[in-house]
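Colleague: Before we talk about this model, could you show it to me, and then let me ask how each label was reached?

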Amino acid sequence: MPHRHRHTRAVGAAVAATAALLVAGLSGSASAGTAPAGSAPTAAETLRTDAAPPALLTALQRDLGLDRQQAERRLANEAEAGAIAGRLRAALGGDFAGAWLGGAESGTLTVATTDADDVATIEAAGAVATVVRRSLADLDAAKSRLDRAAAGRDTTDAPVRYVDVRTNTVTVQAVRPAAARALLDAAGVDAGLARVEKSSEKPRPLYDLRGGEAYYINNSGRCSIGFPVTKGTQQGYATAGHCGRTGASTSGANRVAQGTFQGSVFPGRDMAWVATNSNWTATPYVSGAGGQNVQVTGSTQAPVGASVCRSGSTTGWHCGTIQQHNTSVTYPEGTISGVTRTTVCAEPGDSGGSYISGSQAQGVTSGGSGDCRSGGTTFFQPINPLLQNYGLTLKTTGDDGGPEEPPPGGTWAAGTVYQPGATVTYGGATYRCLQGHQAQQGWEPPNVPALWQRV
């Protein structure tokens, strides 16, 4: 059909630039993440995968069975793959059905589409193509129906729901499969679109923990600082909502008065932030193994299959992979949605702490099941929605904590959280967002092709 031909040509043009990224990133070469002098920065350079601290690389080696070079290549490949997937998502439009990484070094990017005519374009970008029945938009819509149906029901026997792009289904994990089937019926979700997975997991919030540094709530319960943030000139930190309610006071690990919860959401979401007094200063670091500083340089969301590491006061540094985004999970206290499911282990005392992929902040520990002896599953509240909800700015290298003015004649603004597909203007041109992130000075659209595509 003529429309299909126009679509195919447009898709091919939109992803033409990705092949160069693929050579530097997913090839697994020693030069991954480097670009010729004078060229646009690679995704690995933009996301500063070279800034990954030794403690994080060591944890990746231990938990994912890698050597040092493999861990470094994996981080670079994941950055490049995210950029390629973002371009293909924009180009395929309604055909797009998800993307995920595979291989010890994340050297394989698979992109799913509902239209076989897109296969050549996906393969030309260096990714593996798979043709499936349902688009990501269709699966997300079905999951939204499940979440609405769950709102008025007891779903503790079917506690976890997510879109699984690998199987092209909406998956419900259930202690009792009958509970999952009843929820699917109540939501009007066709059985052929869903997958019921029997599981003994009963996730719960991981109270009494610290991610980087411990803090105490009302001089009793203990949780963890997620990521230091600013709001104008006010300094503070992001953490889990189940750790404290709005107005609760906090003290630091040294028991010195620290701050007050300014906002808290739980259940529904699991997000909160604390404003600190003048005795405390926000830094662009997470406390790593052995007290080493782990540098945070941004908040670009890592793709499914990417490595992610967690810092917690009970179990220290542990790593795993991202399984699904936009997951819903039912705890005894209620259901939360929009969290990310991972294979990272955690135990009570790790809640509220930091999840980081390379040098990119991912989220704060919410809850999970299992432990770090036998393994487990954890969920984190993504950092970008938390920043957006409270109007916060992630503290990063070179960040002075003050608000940035938008460029003359453009709508792009540092401090704004952008989702894939969002459009902005900058310097007289229009750009489309490829990967979710909080904008910062130095990440102006023309400077970071891994995050923005000119349209």
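**How the labels are reached**

Modeller: Let me begin with Cys372, which at 22% relative accessibility counts as partly exposed; please keep in mind throughout that this is a predicted model.

Colleague: What makes Cys372 partly exposed?

Modeller: Buried means under 20% and exposed over 50%, with partly exposed in between, so the 22% of Cys372 puts this residue in the middle class. Cys345, by contrast, has 9% relative accessibility and therefore counts as buried.

Colleague: How do you know that a disulfide joins Cys345 to Cys372?

Modeller: The sulfur atoms of Cys345 and Cys372 are 2.0 Å apart, and because a disulfide requires a pair of cysteine sulfur atoms within 2.5 Å, this pair qualifies. The link is right-handed, with 100° about the S-S bond. Cys345 lies in the loop between strand 19 and strand 20, and Cys372 in the loop between strand 21 and strand 22, so the pair ties together parts that are 27 residues apart in sequence.

Colleague: Why is the disulfide of Cys223 and Cys243 called left-handed?

Modeller: The torsion about the S-S bond of Cys223 and Cys243 is about -85°, and so the disulfide is left-handed. This pair links distant parts of the chain, with Cys223 in strand 9 and Cys243 in the loop between strand 11 and strand 12, 20 residues apart. Cys223 has a relative accessible area of 2% and Cys243 one of 10%, so both fall under the 20% limit and are buried.

Colleague: How many disulfides are there by this rule?

Modeller: The count comes to 3 disulfides, and they follow the pattern 1-2, 3-4, 5-6 when the bonded cysteines are counted along the chain. One of them joins Cys309 to Cys319, with an S to S distance of 2.1 Å.

Colleague: Why is helix 5 said to be largely enclosed by the rest of the structure?

Modeller: In helix 5, 18 of the 25 residues are buried, so the helix is largely enclosed. Helix 5 covers residues 68-92 and reaches 36 Å from its first C-alpha to its last, close to the 36 Å expected. Helix 5 is followed by Gly93, whose phi is positive, near 60°.

Colleague: What makes the pairing of Thr297 with Ser359 a polar contact?

Modeller: The side chains of Thr297 and Ser359 make this contact at 2.7 Å, and because the limit for such a pair of N or O atoms is 3.5 Å, the distance fits. A further polar contact, of 3.0 Å, joins the side chains of Thr297 and Gln360. Thr297 itself is found in the loop between strand 16 and strand 17, and with a relative accessible area of 7% this residue is buried.

Technical notes: Residues numbered from 1 in each chain as written. Predicted model: local features only at pLDDT ≥ 70, side-chain atom pairs only at ≥ 80, totals over all residues. Heavy atoms only, no water. Helix = DSSP H or I, 4+ residues; strand = E, 2+ residues; numbered from the N terminus. Expected span 1.5 Å × (residues − 1). Buried < 20%, exposed > 50% of the residue type's maximum accessible area, 1.4 Å probe, protein only. Polar contact = N/O pair within 3.5 Å; in protein donor to acceptor, adjacent residues only side chain to side chain.
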